[in-house]
Amino acid sequence: MSTDMAIFLTVAAVVVAATLVVAVMLLVRLVRTRRHLRRAGLPADRQWVFWGAVAYLLLPADLLPDPILLDDIGVLLVALRSMRSAADGPAAPGR
């Protein structure tokens with residue numbers, strides 16, 4: 001194996017590992033946000049956002065190949081933002 005190939009594979013492995021770490025961190029934040037919203041009375045229309053994002057992350061059918069988790073990260077970010085807006089919006093209980 002040439003040195004260039006070894007460097008390329010090392011960089012690719014680091015990028016894949018970094019995107020996996022980011023995806024897992026976002027999934028943890030999404031789960032914590034859902035747990036927080038459930039305690040406060042999660043609006044029923046936001047539950048599909050959570051489950052849709054989790055399914056998109058776990059299912060093998062993606063817009064980009066699985067080692068590249070950028071589309072999964074984008075879906076998790078949109079779901080997290082949507083669920084947080086539910087907490088801040090007028091539909092939140094007690095407001």
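# Questions and answers on the model

Reader: On the other side of H2, which residues are exposed?
Author: This is a predicted model, in which local features need pLDDT of at least 70 and side-chain atom pairs count only at pLDDT 80 or more, while totals for chains, interfaces and linings use all residues. Residues are numbered from 1 along each chain as its sequence is written, and side-chain values use heavy atoms, with hydrogens and water left out. Exposed means over 50% relative accessible area, buried under 20%, and partly exposed in between (1.4 Å probe, protein chains only). On the other side of H2, the exposed residues are Trp48 and Leu58.

Reader: How many degrees around the axis of H2 do its buried residues cover?
Author: An α-helix has 3.6 residues a turn, so residues three or four places apart point the same way. In H2, the buried residues are Val49, Phe50, Ala53, Val54, Tyr56 and Leu57. They are on the same side of H2, because their arc (that of the directions from the helix axis to the C-beta atoms) is only 160 degrees.

Reader: In what order do the elements of the chain run from the N terminus?
Author: Helices (H or I, at least four residues) and strands (E, at least two) are DSSP runs, numbered from the N terminus. The chain has three helices and zero strands. From the N terminus on, the order is therefore α-α-α.

Reader: How far does H1 reach from its first C-alpha to its last?
Author: H1 covers residues 3–40, which gives it 38 residues. The expected span of a helix is 1.5 Å times one less than its number of residues, and for H1 that is 56 Å. Close to this value, H1 reaches 55 Å.

Reader: Which residue follows H1 with a positive phi?
Author: H1 ends at residue 40. The residue after the helix has a positive phi, near 95 degrees, and is Gly41.

Reader: Which residues does Thr33 contact, leaving aside its neighbours within four places in sequence?
Author: Thr33 is in helix H1, where Thr19, Ala23, Leu26, Leu30, Arg34 and Leu37 are among the buried residues. Thr33 is itself buried, because its relative accessible area is 9%. Contact means heavy atoms within 4.5 Å. On that basis, the residues touched by Thr33 are Leu80, Met83 and Arg84.

Reader: Which residues does Ser82 touch, not counting those up to four places away in sequence?
Author: Ser82 belongs to helix H3, residues 70–88. Its relative accessibility is 16%, so Ser82 counts as buried. Outside the excluded sequence range, the residues that Ser82 touches are Arg46 and Val49.

Reader: What distance separates the C-alpha atoms of Leu57 and Leu69?
Author: Leu57 is in helix H2 and is buried, because its relative accessible area is 17%. Not counting residues up to four places away in sequence, Leu57 touches Ala23, Leu27, Asp72 and Leu76. Leu57 and Leu69 are twelve residues apart along the chain, and their C-alpha atoms are separated by 8.4 Å.

Reader: What distance separates the C-alpha atoms of Ala18 and Leu69?
Author: Ala18 is in H1 and counts as partly exposed, because its relative accessibility is 39%. Along the chain, Ala18 and Leu69 are 51 residues apart, and the separation of their C-alpha atoms is 9.5 Å.

Reader: Which members of the largest nonpolar core touch the most other members?
Author: A nonpolar core is a set of buried Ala, Val, Leu, Ile, Met, Phe, Trp, Tyr and Cys residues joined through side-chain atoms within 4.5 Å. The largest has 15 residues, and those touching the most other members are Ala23, Leu30, Leu76 and Met83.

Reader: What is the geometry of the pair formed by the rings of Phe50 and Trp51?
Author: Rings of Phe, Tyr and Trp (its six-membered ring) pair if their centres lie within 6.5 Å, and planes under 30 degrees apart count as stacked, over 60 as edge-to-face and the rest as tilted. A search of the whole structure finds one aromatic pair. The ring centres of Phe50 and Trp51 are 4.9 Å apart and the planes stand at 80 degrees, so the pair is edge-to-face.

Reader: What share of the residues in the chain is buried?
Author: Residues 24 or more positions apart account for 62% of the contacts in the chain with a separation of 6 or more. Among the 95 residues in the chain, the buried share is 31%.
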